[in-house]
Amino acid sequence: MSADVNRVLMQAERDLTNKPGLPGRPWYRHLIYAPGVNAGYGVTVLPGINEAIADKDWQLAQEQAYALKAAIDRATQTLGSVRTGRQ
């Protein structure tokens, strides 16, 4: 049982990434957290959205919000499979 739960949790974490990566930094793919552009090693939460807002790039902020929503929907579906047993 714990191996199945672990597998689902790993997939849910992968679901929170975006294959094209963050704008200007395709090597960072996680949509929830990543090193900030101007934060050195500091973490930026919701980096695609927050950095677009800081740059006043409203179209990019909206695109990143849509990407985040899609990622959260994927993770929700993955985690829901545990509850319903549809793994």
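User: In this predicted model, which helix gives the most residues to the lining of the largest pocket?

Analyst: The structure is a predicted model, and its largest pocket has a volume of about 160 Å³. The residues that line this pocket are P23, V37, N38, P47, G48, E51, A52, A54, D55 and L60. Five residues of the lining come from one helix, spanning residues 47-54, and that helix, which gives the most, is α2.

User: How do the residues of the lining of the largest pocket divide into nonpolar, polar and charged?

Analyst: Proline, valine, alanine and leucine count as nonpolar, aspartate and glutamate as charged, and glycine as polar. The lining includes P23, V37 and L60 as well as G48, E51 and D55, and sorting the whole lining in this way gives six nonpolar, two polar and two charged residues.

User: Which residues of α2 are buried?

Analyst: A residue counts as buried when its relative accessible area is under 20%. Helix α2 covers residues 47-54, and P47 and G48, which also line the largest pocket, are among its buried residues. The full set of buried residues in α2 is P47, G48, I49, E51 and A52.

User: Is Q64 buried or exposed?

Analyst: Q64 is found in helix α3, which runs over residues 58-84. Leaving aside neighbours within four places in sequence, Q64 is in contact with L22, P23, L31, G48 and I49, and of these G48 and I49 are buried residues of α2. Because the relative accessibility of Q64 is 8% and the limit for a buried residue is under 20%, Q64 counts as buried.

User: What is the phi of L46, and where does L46 lie?

Analyst: L46 is not a glycine, although its phi is positive. With a relative accessible area of 27%, L46 is partly exposed. The phi is about 50°, and L46 lies in the loop between β2 (43-45) and α2.

User: Is K56 buried or exposed?

Analyst: K56 is placed in the loop between α2 and α3, and just after α2 it takes a positive phi of about 55°, in a residue other than glycine. Its relative accessible area is 60%, and the class called exposed begins over 50%, so K56 is exposed.

User: How many aromatic pairs does the structure hold, and which residues form an aromatic pair?

Analyst: The structure holds one aromatic pair. The pair is tilted, with 6.3 Å from centre to centre and 55° between the planes. One of its residues is exposed, W27, with a relative accessible area of 61%, while Y28 is partly exposed at 31%. The residues that form the pair are W27 and Y28.

User: In what order do the elements of the protein run from the N terminus on?

Analyst: There are three helices and two strands in the protein. Two of the helices, α2 (residues 47-54) and α3 (residues 58-84), have been met above. From the N terminus on, the order of the elements is α-β-β-α-α.

User: What share of the residues in the protein is buried?

Analyst: The C-alpha atoms fill a box of roughly 45 × 25 × 15 Å along the principal axes. The protein exposes about 6,000 Å², and carbon and sulfur atoms supply 58% of that area. Of the 87 residues in the protein, the buried share is 31%.

Technical notes: Residues are numbered from 1 along each chain as its sequence is written. This is a predicted model: local features need pLDDT of at least 70, side-chain atom pairs count only at pLDDT 80 or more; totals for chains, interfaces and linings use all residues. Side-chain values use heavy atoms; hydrogens and water are left out. On a 1 Å grid over the protein atoms alone, a cavity is a set of points where a 1.4 Å probe fits but cannot get out, and a pocket is an open set with protein on both sides within 12 Å along at least five of seven lines; lining residues have an atom within 4 Å of a point. Grid points are joined across faces, edges and corners, and a volume is the space filled by probe spheres set on the points. Helices (H or I, at least four residues) and strands (E, at least two) are DSSP runs, numbered from the N terminus. Buried means under 20% relative accessible area, exposed over 50%, partly exposed in between (1.4 Å probe, protein chains only). Contact means heavy atoms within 4.5 Å. Accessible areas come from the Shrake-Rupley method with a 1.4 Å probe; for residues, only the protein chains shown count as cover. Rings of Phe, Tyr and Trp (its six-membered ring) pair if their centres lie within 6.5 Å; planes under 30 degrees apart count as stacked, over 60 as edge-to-face and the rest as tilted.
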